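Biologist: Before we discuss particular regions, please show the model and its sequence. I shall then ask about its architecture, its packing and its cysteines.

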Amino acid sequence: MKPFNVAIPTPFLDDEQLNVEGFRSIITYLKENGVDSVVISGTTGEQHSMSLEERMQIIDYFNEQDFTGVELIFGVAATRLKDAQRLVRKLEDSVFDGLLLGFPPYIRPTQHQAVHYAGELLRLSTKEAILYNNPARTGFDLSTDSFRELLRRHSNITGLKDGGDKRRHADIEFPDNFILYAAGDMQADQQVKEGCNGLSSMVGNIYPREMKSMLHDLCNKGTRYEEYKRLIDEATEQPLIETIKNHYNSLGIGAGICRSPL
């Protein structure tokens, strides 16, 4: 997997219906601005506002397109294991290069239940997978022991996007080319200090070249972070998904609206 990706929004029409055709102009814009990896149907993509059938429709759309030169990652998470399994099975024979595997929202599984959930999905796929630990949004925080167990059992785990405390992973011996992703652009400098060597960016929708350069600068002990931080602060003054969609719409790129109540 590539160390820098941009989590893109899902285009919706004014009546909140899915508009899969809107993906093309978003991805074209990002490719033209130096982005070569995108996450579809993640948190930025309002994943949990979409039905399983809508997410299947997105996969079908991408299978019919020719998005060459860009790595495609699909976000998989569901409250029910069976729903997540349907997504993974469909993705196995798709054009997507990898999975961003999130844990179930709201239900707060035990560590044992979460390991079982992730394991059942990972064994269905031969694609590379990034685990996504997002305790602020799911109410669940993957423990270091659970993470170690999943790494030991599943060789297709090639990354971790962790919204929790990354310092606890310091003693883990990661596989070669493993990427620990900073979970978003806020405090990216601190996240790199805590061991991150990758970035899954939201602000990259607005400042794609700048956020990609920021990661390179931070990983090489550069001194320009305050310049980038000003851009991040500007982009995050208002709710970020709405700001991202407004930005695209202002460029004539039809990202549409956010689903209510966003």
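Modeller: Two strands are taken to pair if DSSP finds at least two bridges between them. The model shown here is predicted.

Biologist: Which residue stands opposite L100 in β4?

Modeller: Strand β3 (residues 71-76) pairs with β4 in the parallel sense, over four bridges. Strand β4 itself covers residues 98-102. Within this pairing, the residue opposite L100 is G75.

Biologist: What is the bridge partner of V39 in β3?

Modeller: Four bridges also link β3 to strand β2 (residues 37-40), and the sense is again parallel. In β3, V39 has as its bridge partner I73.

Biologist: How many residues of β3 are buried, and which of them point the same way as I73?

Modeller: Strand β3 is mostly covered, with six of its six residues buried. L72, F74 and V76 point one way, and the opposite way is taken by E71, I73 and G75. The number buried is therefore six under the limit of 20% relative accessible area, and the residues that share the direction of I73 are E71 and G75.

Biologist: Which residues of β4 point the other way from G98, L100 and G102?

Modeller: Five of the five residues in β4 are buried, and burial applies to both of its faces. G98, L100 and G102 point one way. Those pointing the other way are L99 and L101.

Biologist: In what order do the strands of the closed barrel run, and what is the average twist from one strand to the next?

Modeller: Eight strands form the closed barrel, with parallel pairing, and their order is β1-β2-β3-β4-β5-β6-β7-β8. From one strand to the next, the twist averages 25°.

Biologist: Which residue in β8 stands opposite A182?

Modeller: Strands β7 (residues 179-183) and β8 (residues 198-201) run parallel and are joined by three bridges. Opposite A182, in β8, stands L199.

Biologist: At what angle to β8 does helix α8 run, and what is the handedness of its crossing with α9?

Modeller: Helix α8 (residues 208-219) lies across β1 (4-7) and β8, at about 155° to β8. Its packing against helix α9 (residues 225-235) has an angle of about 145°, and the two axes are 10 Å apart. On the α8 side, E210, M211, S213, M214, D217 and L218 meet Y225, Y228, L231 and I232 of α9. The angle to β8 is about 155°, and the crossing of α8 and α9 is left-handed.

Biologist: Which residues touch the most other members of the largest nonpolar core?

Modeller: Nonpolar side chains tend to be buried together in soluble globular proteins. Here the largest nonpolar core holds 79 residues. Beyond four places in sequence, F62 touches F23, I27, I40, F67, L72, V95 and F96. The residues touching the most other members are I40 and F62.

Biologist: Which residues does a second, separate core include?

Modeller: This second core is separate and has eight residues. Among them are L100, I130, Y132 and Y181.

Biologist: Is I59 buried or exposed, and how far is it from I40 in space?

Modeller: I59 lies in helix α2 (residues 52-63). Its contacts beyond four places in sequence are F74, L87, K90, L91, S94 and F96. With a relative accessibility of 0%, I59 counts as buried. I59 and I40 are 19 residues apart in sequence, and their C-alpha distance is 9.4 Å.

Biologist: Why is C219 in no disulfide with C196?

Modeller: The structure holds zero disulfides. C196 is buried at 3% relative accessible area, whereas C219 is partly exposed at 35%. A disulfide requires sulfur atoms within 2.5 Å. The closest cysteine sulfur to that of C219 is in C196, too far for a bond because the distance is 8.6 Å.

Biologist: Where does G139 lie, and what is its relative accessible area?

Modeller: G139 lies in the loop between α5 (135-138) and α6 (144-153). Beyond four places in sequence, G139 touches R108 and N134. G139 and F103 are 36 residues apart in sequence and 9.6 Å apart in space, C-alpha to C-alpha. G139 is partly exposed, and its relative accessible area is 37%.

Methods. Residues are numbered from 1 along each chain as its sequence is written. This is a predicted model: local features need pLDDT of at least 70, side-chain atom pairs count only at pLDDT 80 or more; totals for chains, interfaces and linings use all residues. Side-chain values use heavy atoms; hydrogens and water are left out. A nonpolar core is a set of buried Ala, Val, Leu, Ile, Met, Phe, Trp, Tyr and Cys residues joined through side-chain atoms within 4.5 Å. Buried means under 20% relative accessible area, exposed over 50%, partly exposed in between (1.4 Å probe, protein chains only). Contact means heavy atoms within 4.5 Å. Helices (H or I, at least four residues) and strands (E, at least two) are DSSP runs, numbered from the N terminus. Axes are lines fitted to C-alpha atoms, for helices over the stretch in contact, and angles run from 0 to 180 degrees between N-to-C directions. A crossing is left-handed if the near helix is turned anticlockwise from the far one by less than a right angle, and right-handed if clockwise.
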